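Me: I am new to reading protein models, and I would like to learn how to look at one. Could you walk me through it, feature by feature?

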Amino acid sequence: MKIIIYLAASANGMISNKRNVPDWLSPEYGEGFMAICQRTQAVIMGKTTYNILAPNYLPIKEGSLVVLTHDTSATPAQSNVLFTSDNPEKIVAQLAAKGHTEAVIIGGTQTVSVFVEAGLVDEIILVVEPVLFGNGLPLVSGLEFENRLELLDVKKLNNNTVQVHYKLL
């Protein structure tokens, strides 16, 4: 199964500001975000990302929305949401068993970190927005690893925003 990370990042590599408010994202990021979620119909996120999006902004109504959390007894906003504390390998196996061939991770740092550490991420698509954060969340954290990336594509999305697409080697 192909796992893709799709996230926005500040010019200095933060995927969220200290306020945890996504008011810095371009419309182009939002369009790409919705398009990849609609295409994969399998979306993985952490509970903080879920809390920002639910209930009105969840990216898909059908398919599989997997939320990593220790609070697996929480009540989901819609029927396709699964709250789980399972490891990344088990989550990927469950999605594959449902017939998914690819899934997208849309946040946050902890979720991205455990999937990268497990060696399950195939591609990273970063939309680099024209903003700097003194404090915020990095793409990955707390890991002892080094991964080489191969640049697959670069797109200018608007006058100030670019998208870089990498393959993990």
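Reply: Happy to help; we will go through the features one at a time. Keep in mind that this is a predicted model.

Me: Let us begin with charges. How many salt bridges does the structure hold?

Reply: The general idea is that side chains of opposite charge can pair when their charged atoms come close. In this structure there are 4 salt bridges. One of them joins the side chains of R19 and D23, with N and O 3.1 Å apart.

Me: Are R19 and D23 buried or exposed?

Reply: Both lie on the open side of the scale. R19 has a relative accessible area of 53%, so R19 is exposed. D23 comes to 51%, and therefore counts as exposed as well. The cut-off that matters here is over 50%.

Me: Which residue does R39 meet in a salt bridge?

Reply: R39 meets E102, at 2.8 Å from N to O. R39 belongs to helix α1 (residues 27–40) and E102 to strand β6 (residues 102–105), so this pair ties together parts that are 63 residues apart in sequence. E102 has a relative accessible area of 14%, so E102 is buried.

Me: And what about D86?

Reply: D86 forms a salt bridge with K90, and their closest N and O atoms are 4.0 Å apart. D86 counts as partly exposed, at 22% relative accessibility. K90 is also partly exposed, at 45%.

Me: Now the nonpolar side chains. Which residues have the most contacts inside the largest nonpolar core?

Reply: As a general idea, nonpolar side chains in soluble globular proteins tend to be buried together. Here the largest nonpolar core has 25 residues, and Y6, C37, V43, M45 and I106 have the most contacts inside it. The elements giving two or more residues to this core are β1 (2–9), α1, β3 (42–46), α2 (47–53), β4 (64–68), β5 (81–84) and β7 (123–128). Helix α1 gives the most, with 4 residues.

Me: What is Y6 in contact with, leaving aside its neighbours within four places in sequence?

Reply: The list includes E28, Y29, G32, F33 and I36. Further along the chain, Y6 is in contact with V104, I105, I106, I125, V127 and Q163. Apart from the core we just discussed lies another one, of 23 residues, with I5, V112, L126 and L139 among them.

Me: Where can I find nonpolar residues on the surface?

Reply: Look at L151, V154 and V162, which form a nonpolar patch on the surface. Together they have about 230 Å² of accessible area. L151 sits in strand β9 (residues 149–156) and is partly exposed, at 47% relative accessibility.

Me: How should I read a pair of aromatic rings?

Reply: A pair of aromatic rings is described by the distance of the centres and the angle of the planes. This structure holds 4 aromatic pairs. In the pair of W24 and F133, the ring centres are 5.0 Å apart and the planes are at 85 degrees, so the pair is edge-to-face. The cut-off needed for that reading is an angle over 60 degrees. W24 lies in the loop between β2 (14–17) and α1, and F133 in the loop between β7 and β8 (136–138), so the two rings tie together parts that are 109 residues apart in sequence. W24 and F133 are both buried.

Me: Which residues form one aromatic cluster?

Reply: Y6, Y29 and F33 do. You have met Y6 already, as one of the residues with the most contacts inside the largest core.

Me: Last, the backbone. Which peptide bonds are cis?

Reply: One is the bond from A54 to P55, with omega near 0 degrees. P55 is placed in the loop between α2 and β4. Another is the bond from G107 to G108, where omega is near -5 degrees. G108 is in the loop between β6 and α4 (109–117).

Me: What is there to notice about the phi angles of N20 and Q41?

Reply: N20 is not a glycine, yet its phi is positive, at about 60 degrees. N20 is found in the loop between β2 and α1, and is partly exposed, with a relative accessible area of 27%. Q41 is not a glycine either, and has a positive phi of about 55 degrees. The place of Q41 is in the loop between α1 and β3.

How values were computed
Residues numbered from 1 in each chain as written. Predicted model: local features only at pLDDT ≥ 70, side-chain atom pairs only at ≥ 80, totals over all residues. Heavy atoms only, no water. Buried < 20%, exposed > 50% of the residue type's maximum accessible area, 1.4 Å probe, protein only. Patch = residues over 30% accessible without salt bridge, like charges linked within 9 Å, V, L, I, M, F, W, Y side chains within 5 Å. Areas by Shrake-Rupley, 256 points an atom, 1.4 Å probe, with all protein chains shown as cover. Core = buried A, V, L, I, M, F, W, Y, C linked by side-chain atoms within 4.5 Å. Contact = heavy atoms within 4.5 Å. Phe/Tyr/Trp six-rings, centres within 6.5 Å; stacked < 30°, edge-to-face > 60°.
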